[in-house]
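Welcome, and thanks for taking a look at this one with us. Please have the model open as you read, so that each point can be checked by eye.

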Amino acid sequence: MIEPAAPAIALLAGRMQKRQLLQEVLEGFGYRVIFAGEPDRLDCAGLEAINADAWLLELADESELADWLLEHSPVPVLLGAGEIPHHESEDYPRWKRRLLGKLLPILGPPPEPSQGEPTATATAPARLPPARCVWLLAASLGGPAAVKRFLDRLPANLPVAFVYAQHIDAGFESQLPMILGRQNAWRVINCVSGAHLHEGEVLVAPIKRSLGFAPEGQIRLSDTPWPGPYQPSIETLLDAVAGSFAPACGAIIFSGMGEDGVQACGRLRDKGIQVWTQDAASAACAVMPQAVIDAGYSSRQGSPETLADALRYWLAQEWPVAL
């Protein structure tokens, strides 16, 4: 009987020492690292020739290679493993568990994990089921900092997945997973058409492509531009989440400028779906959440941390056995 090959990871990291450390850890988990070369010697055509099951990137904020992968890669792309603690530090095992927890839902466990390394059952299921509940996190100006505070406060083992709609220039889109996923266990991912959302994931809505969901919840990407003046369109995504996941869904409107999504928030409230907003005291720009409040569609307001605590309580009421 032929043993199945371990999932293959291609690694792009700017610093040689970090490449070596990450390769050692990934191979210690039991995965195959099929590329860990110098990024400066690679171009987009070279990326396309590498046949991996996933990419792990540790590059500078502005990287042509990262931008190309995020737009064209047929396999998942993970950004940012975080700073690697000293191997004798008490934080080092926790860092390894967080990294493995981000890899397992995408790649599954290696056929034979190395002795002494954390196994799939010790950290997360090999293949997580599609999320039972999906909430939209919507933001504009000041949004990344607010959403990161929210995620940092919230454990990643809850029965929920998030879709993150952030008004931002397309040139900064590739940085969002790296910014949001550092120092927490949430798997912040870019869209792969046909995939399902899983518990513990944060799906970043694309800027240049429109996003929707099939009736069974699979991700649908289209080259058709977002309708209206905003990219991504919060209005469109609110309706898409409600249409595919109601009643097990909700929305939180964080810091931002403009009124994108206000009318859709009203449609969610008419269906009995929760709509929450960041309060003015904690928002860098309160215009967008305040527009929802003024329209009478917000049922809860608070800081990112307060909203995270409230969501954990809400989930406990909906799925007490799961928690």
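**A proline in a loop, and the wider fold**

P247 sits in the loop that runs between helix 8 and strand 11. The peptide bond that joins A246 to P247 is cis, with omega at about 5 degrees. Please keep in mind that this is a predicted model. The points below start with the whole protein and then move to its parts.

**The protein as a whole**

- The secondary structure comes to 11 helices and 13 strands.
- The radius of gyration is 20 Å, close to the 20 Å that the globule rule gives for 323 residues, so the protein is as compact as a globular protein of that length.
- Along the principal axes, the C-alpha trace spans about 60 × 45 × 40 Å.
- Of the 323 residues, 55% count as buried.
- Among contacts with a separation of 6 or more, 67% are between residues 24 or more positions apart.
- About 14,500 Å² of the protein is exposed, and carbon and sulfur atoms supply 50% of that area.

**The open sheet**

- Seven strands form an open sheet: with 7 strands in the order 7-8-6-5-11-12-13, the pairing is parallel.
- At the edges are strand 7 (187-190) and strand 13 (300-302), each of which pairs on one side only.
- From one strand to the next, the twist averages 20 degrees.
- Within this sheet, strand 6 (residues 161-166) pairs with strand 8 (residues 201-204) in the parallel sense over 3 bridges.
- A handy pair to find by eye is Y164 and V204: Y164 stands opposite V204 in strand 8.

**Helices 9 and 10 beside the sheet**

- Helix 10 (residues 287-294) lies across strand 5 (134-139), strand 11 (249-253), strand 12 (274-278) and strand 13.
- Relative to strand 12, helix 10 runs at about 135 degrees.
- Helix 9 (residues 262-270) has buried residues at V262, A264, C265, G266 and L268.
- The cover over those buried residues of helix 9 includes helix 8 (234-245), strand 11, strand 12 and helix 10.
- After helix 9 comes G272, which has a positive phi near 80 degrees.

**The hairpin of strands 9 and 10**

- Strand 9 and strand 10 pair in the antiparallel sense, over 4 bridges.
- Strand 9 (residues 210-213) is covered on both faces: S210 and G212 are buried on one side, and L211 and F213 are buried on the other.
- F213 also has a partner across the hairpin, as it stands opposite I219 in strand 10.
- Between the two strands there are 5 residues, and G217 takes a positive phi near 95 degrees in this hairpin.

**A second cis proline**

- The peptide bond from Q231 to P232 is cis, with omega near -10 degrees.
- P232 is found in the loop between strand 10 (219-222) and helix 8.

**F150, a buried residue in helix 6**

- F150 belongs to helix 6 (residues 143-153).
- With a relative accessible area of 0%, F150 falls under the 20% cut-off and so counts as buried.
- Leaving aside residues up to four places away in sequence, F150 touches L137, F162, I252, F254, P304, L307, A308 and L311.
- F150 and Q317 are 167 residues apart along the chain, and their C-alpha atoms are separated by 20 Å.

**N184, a buried residue in a loop**

- N184 lies in the loop between helix 7 (176-181) and strand 7.
- The relative accessible area of N184 is 6%, so this loop residue is buried.
- On one hand, the side chain of N184 reaches the backbone oxygen of L180 at 2.8 Å.
- On the other, the N184 side chain reaches the backbone nitrogen of W186 at 3.1 Å.
- Beyond residues up to four places away in sequence, N184 touches R98, K102, K148, L151 and D152.

How values were computed:
Residues numbered from 1 in each chain as written. Predicted model: local features only at pLDDT ≥ 70, side-chain atom pairs only at ≥ 80, totals over all residues. Heavy atoms only, no water. Pairing = 2+ DSSP bridges. Axes fitted to C-alpha atoms, helices over the stretch in contact; angles between N-to-C directions. Contact = heavy atoms within 4.5 Å. Rg over C-alpha atoms; globule rule 2.2 N^0.38 Å. Buried < 20%, exposed > 50% of the residue type's maximum accessible area, 1.4 Å probe, protein only. Areas by Shrake-Rupley, 256 points an atom, 1.4 Å probe, with all protein chains shown as cover. Polar contact = N/O pair within 3.5 Å; in protein donor to acceptor, adjacent residues only side chain to side chain.
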